[in-house]
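Q: Please look closely at a single part of this structure and explain, in connected prose, how that part is placed among its surroundings.

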Amino acid sequence: MSFNVKGKVAVVTGGSSGIGLETVRLLLAEGARVAWCGRNTERLAASLAEMLASFPEDNCMAYPCDVLDKEAVTAFAAAVEARFGGTDMLINNAGQGRVSNFEQTDDEQWLAESRLKTFSVIYPIKAFLDQLTRSPCPSITNVNSLLALQPEPHMIATSAARAALLNLTHSLAHEFAAKGIRVNSILLGMVESEQWRRRFAERSEPQQSWEEWTQGIAARRGIPMGRLGKPEEPARALIFLASPLAAYTTGAALDVSGGFNRHL
């Protein structure tokens, strides 16, 4: 089944690696025109080269941008409009979490984590809102975490910020319904990433394979599916919610955690 996004314009923030890059790849494979951004210019250039090896240049746009820089995000939106004429789908892929408990988290770190998880979504929405309003099938989809509903004491600041993003997403879904813009999110569990690869390289038992090591983590954490997620799996969920296939879905939070959730 097609996602019905051929010819449509998608914007993916944090698109140069991990879930973001897999989302870009799948959108391009489905025939969408895709603009993605990232802070690391070398990684962004590498992602563009990788996509150009498989997909038409006319459908690819990589733009250096820090989503916490309001002026830079506004410039990104203007560049997308100049290149593609507008935007149909905005996919906000927020940054990594902070590992610390209450005593280990100072005031500035609380503020930084809250700003990262909310303004990395607020600034792009503000910048692309006019373009989305003109689209016949507009959507905003936010990458969030299971921490929003299932907080972890060792990630207290991130858990609180993720809960705020969940609330924001739900509120925007109601406010933007009158504009015809759907707003949804996915709630990630534990997904393979460069952060996990770095931890694997520092593992205490070097004879363990990646599969054995990650399965051990899944077993210890009680993930029913017995493994970590792969980046392309949340990417598929993101594109479904962003696409016309989810035309009657807004304000939803789709769990992508391998059953790690412990709530109804």
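A: **Helix H4 and its surroundings**

Thr118 is found in helix H4. The model is a predicted one, and this residue is a convenient place to begin. Thr118 counts as buried, because its relative accessibility is 12% and the cut-off for a buried residue is under 20%. Ala78 lies 40 residues from Thr118 along the chain, and the C-alpha atoms of the two are separated by 22 Å.

The next step is the helix that H4 meets. Two packed helices are described by the angle between their axes and the distance between the axes. For helix H4 (residues 107–134) and helix H5 (residues 156–176), the axes come within 7 Å and cross at roughly 25 degrees. H4 and H5 are therefore roughly parallel to each other, since angles under 35 degrees count as such. The crossing in which H4 passes H5 is right-handed. Thr118 itself belongs to this contact, and the other residues that H4 contributes are Trp110, Glu113, Ser114, Lys117, Val121, Ile122, Ile125 and Leu129. From H5 come Ile156, Ala157, Thr158, Ala160, Ala161, Arg162, Ala164, Leu165, Leu168, Leu172 and Phe176. Sorted by character, the residues of this contact comprise 14 nonpolar, 3 polar and 3 charged.

H4 also packs on the sheet, where it touches E1, E4 and E5. The direction of H4 makes about 175 degrees with that of E4. The sheet is open and is formed by 7 strands in the order E3-E2-E1-E4-E5-E6-E7, with parallel pairing. Strand E3 (60–64) and E7 stand at the edges with a single partner strand each, so one side of each is left without a neighbour in the sheet. From one strand to the next, the twist averages 20 degrees.

Two of the strands touched by H4 are E4 and E5. Strand E4 (residues 89–93) is joined to E5 by 5 bridges, and the two run parallel. One example of this pairing is Ile91, whose bridge partner in E5 is Thr141. Strand E5 (residues 139–145) is mostly covered, with 7 of its 7 residues buried. In a regular strand the side chains alternate between the two faces of the sheet. In E5, Ser139, Thr141, Val143 and Ser145 point one way, while Ile140, Asn142 and Asn144 point the other way, and all are buried.

Towards the E3 edge, strand E2 (residues 33–38) pairs with E3 in the parallel sense over 5 bridges. Within that pairing, Cys37 has Tyr63 of E3 as its bridge partner. Another helix, H3 (residues 70–84), lies across strand E1 (9–12), E2 and E3, and runs at about 160 degrees to E3. E1 is thus in the list of strands for H3 and also in the list for H4.

A second helix pair may be set beside that of H4 and H5. Helix H1 (residues 18–29) and helix H2 (residues 41–52) pack at an angle of about 25 degrees, and their axes are 11 Å apart. H1 and H2 are therefore roughly parallel to each other, and H1 passes H2 in a right-handed crossing. Leu21, Val24, Arg25 and Leu28 of H1 make this contact with Ser47, Glu50 and Met51 of H2. These residues divide into 4 nonpolar, 1 polar and 2 charged.

Note on methods. Residues are numbered from 1 along each chain as its sequence is written. This is a predicted model: local features need pLDDT of at least 70, side-chain atom pairs count only at pLDDT 80 or more; totals for chains, interfaces and linings use all residues. Side-chain values use heavy atoms; hydrogens and water are left out. Axes are lines fitted to C-alpha atoms, for helices over the stretch in contact, and angles run from 0 to 180 degrees between N-to-C directions. Helices (H or I, at least four residues) and strands (E, at least two) are DSSP runs, numbered from the N terminus. Angles under 35 degrees count as roughly parallel, over 145 as roughly antiparallel, 65 to 115 as roughly perpendicular and the rest as oblique. A crossing is left-handed if the near helix is turned anticlockwise from the far one by less than a right angle, and right-handed if clockwise. Contact means heavy atoms within 4.5 Å. Ala, Val, Leu, Ile, Met, Phe, Trp, Tyr, Cys and Pro count as nonpolar, Asp, Glu, Lys and Arg as charged, and the others, Gly among them, as polar. Buried means under 20% relative accessible area, exposed over 50%, partly exposed in between (1.4 Å probe, protein chains only). Two strands pair if DSSP finds at least two bridges between them.
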